[in-house]
Structure formats: C-alpha cells, structure tokens
Amino acid sequence: MESILVDALAEEAMRSADPAATGGAAADQHLDADADALTLEDTVGYPLPGFVNPGSLQFSPDDALISNLHSPEGTLARKLFVFDPAAMQQRLLAVPPRGGGVDEARLSVEEKLQRERTRELGLGVTRYAWAAKPP
C-alpha cells in the first residue's frame, strides 16, 4: 500500500512541479519560453521552487486512508487532503477558516513568536492529528 501512495504522490508532485509534462514538442517550446522568464524574485520567494510537495503524511488509524498537507496553488497556505489507495482518489478534507489562517497580519504577537521559534512558514492548516482508534 505504501508503494502505491509513494507512486501516486510522486506522480502528483511531478505534475504540479512541471506543467509542461503533457509532453511532445509543445513541452519543449514551453520550457524554452520559460527559460528566460526566471527572475530573482522567483528564486528567493517562498515556497522555494520545487518545494511545493505534499507533507506531513500520516496513515488513518484503520490504515485505509493516507492524509497529507498540500497547497495545490503553490503557495504557503496549505490544506488537508486525504488519499484513498483503494479508490486511487485524493479529496480535500479540511481548509483554513474563511477569512483567517492564511494571512500573517491576522496572527497575534504570541503566535508570530511561536511560529518564529518553530520555524513554521506555512499558513492555513499547519498541523493535524488522527484520533486514536476506539477500544
């Protein structure tokens, strides 16, 4: 089951990291056109290029699902997704509250200091945990 997840997540990461992965001569033209478009801001911005991958992978208590934090938009604002290996489908499970959680200006001073100490750059859903199996 783990190899299915790794393969599926690797494939998703490759698709999100390389929009030209649809192939053919069109992909080569796309890459050539973008070669000159890389700017200084692209290289020093967050998240860094190539680092927009699913993270915080966890199995559900019954081992039927695999959850992860990911930002399909390529930003620091992450959402909680769940992958079902049996159905080979990923679905959105949780998002940040509307109007909050995705803007550092809305955070309290205490939370900003805590985020600095833990070196947390992500916004939105930053941590989660599965509830333990009932006895």
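## The S2–S3 hairpin and its surroundings

Strands S2 and S3 form a hairpin in which six residues lie between the two strands, and Gly-74 in the turn has a positive phi of about 80°. This report describes a predicted model, beginning with that hairpin and then turning to the neighbouring strands, to individual residues and to the protein as a whole.

### The strands and their pairing

The pairing of S2 with S3 is antiparallel and extends over five bridges. Within this pair, Asn-68 stands opposite Phe-81 in S3. Phe-81 also has a bridge partner in S4, namely Leu-92.

On the N-terminal side of the hairpin, strand S1 (residues 55-59) is joined to S2 by three bridges, and these two strands run antiparallel. Gln-58 stands opposite Ser-67 in S2. S1 and S2 likewise form a hairpin with six residues between the strands, where Asp-63 takes a positive phi near 60°.

Strand S3 has further partners. With strand S4 (residues 89-94), S3 pairs in the antiparallel sense over five bridges. These two strands form a hairpin with four residues between them, and Met-88 in the turn has a positive phi of about 55°. S3 is also joined by two bridges to strand S5 (residues 123-124), and here the strands run parallel. In this pairing Arg-78 stands opposite Gly-124 in S5.

The pairings are gathered in the following table.

| Strands | Sense | Bridges |
|---|---|---|
| S1 and S2 | antiparallel | three bridges |
| S2 and S3 | antiparallel | five bridges |
| S3 and S4 | antiparallel | five bridges |
| S3 and S5 | parallel | two bridges |

### Residues of strand S2 and the loop after it

Ile-66 belongs to strand S2. Ile-66 counts as buried because its relative accessibility is 1%, the cut-off for burial being under 20%. The C-alpha atom of Ile-66 is separated by 6.6 Å from that of Asp-84, although the two residues are 18 residues apart along the chain.

His-70 is also found in strand S2. With a relative accessible area of 4%, His-70 is buried. Apart from neighbours within four places in sequence, His-70 is in contact with Val-52, Asn-53, Pro-54, Arg-78, Lys-79 and Phe-81.

Ser-71 lies in the loop between strand S2 (66-70) and strand S3 (77-84). Is Ser-71 buried or exposed? Its relative accessibility is 4%, so Ser-71 counts as buried. The side chain of Ser-71 reaches the backbone oxygen of Ala-77 at a distance of 3.2 Å. When neighbours within four places in sequence are left aside, the contacts of Ser-71 are with Val-52, Ala-77 and Arg-78. Val-52 and Arg-78 also appear among the contacts of His-70.

### A salt bridge

Side chains of opposite charge can pair when their charged atoms come close. How many salt bridges does a search of the whole structure find? The search finds one. Glu-73 forms a salt bridge with Lys-79, and the closest N and O atoms are 2.9 Å apart. Glu-73 has a relative accessible area of 47% and is therefore partly exposed. Lys-79 is, in addition, one of the residues in contact with His-70.

### Positive phi values in two other turns

Two residues other than glycine deserve separate mention. Asp-63, in the loop between S1 and S2, has a positive phi near 60° without being a glycine. At 42% relative accessibility, Asp-63 counts as partly exposed. Met-88 is located in the loop between S3 and S4, and its phi is positive, at about 55°, although Met-88 is not a glycine. The relative accessibility of Met-88 is 47%, and Met-88 therefore counts as partly exposed.

### The protein as a whole

The secondary structure comprises four helices and five strands. From the N terminus on, the elements follow the order α-α-α-β-β-β-β-α-β. Of the 135 residues in the protein, 21% are buried. Among contacts between residues at least 6 apart in sequence, 39% join residues at least 24 apart. The protein exposes about 9,600 Å², and carbon and sulfur atoms supply 56% of this area.

Technical notes: Residues are numbered from 1 along each chain as its sequence is written. This is a predicted model: local features need pLDDT of at least 70, side-chain atom pairs count only at pLDDT 80 or more; totals for chains, interfaces and linings use all residues. Side-chain values use heavy atoms; hydrogens and water are left out. Buried means under 20% relative accessible area, exposed over 50%, partly exposed in between (1.4 Å probe, protein chains only). A polar contact is a pair of N or O atoms within 3.5 Å; within protein, one must be able to donate a hydrogen and the other to accept it, and residues adjacent in sequence count only if both atoms are side-chain atoms. Contact means heavy atoms within 4.5 Å. Two strands pair if DSSP finds at least two bridges between them. A salt bridge is a side-chain nitrogen of Lys or Arg within 4 Å of a carboxyl oxygen of Asp or Glu. Accessible areas come from the Shrake-Rupley method with a 1.4 Å probe; for residues, only the protein chains shown count as cover.
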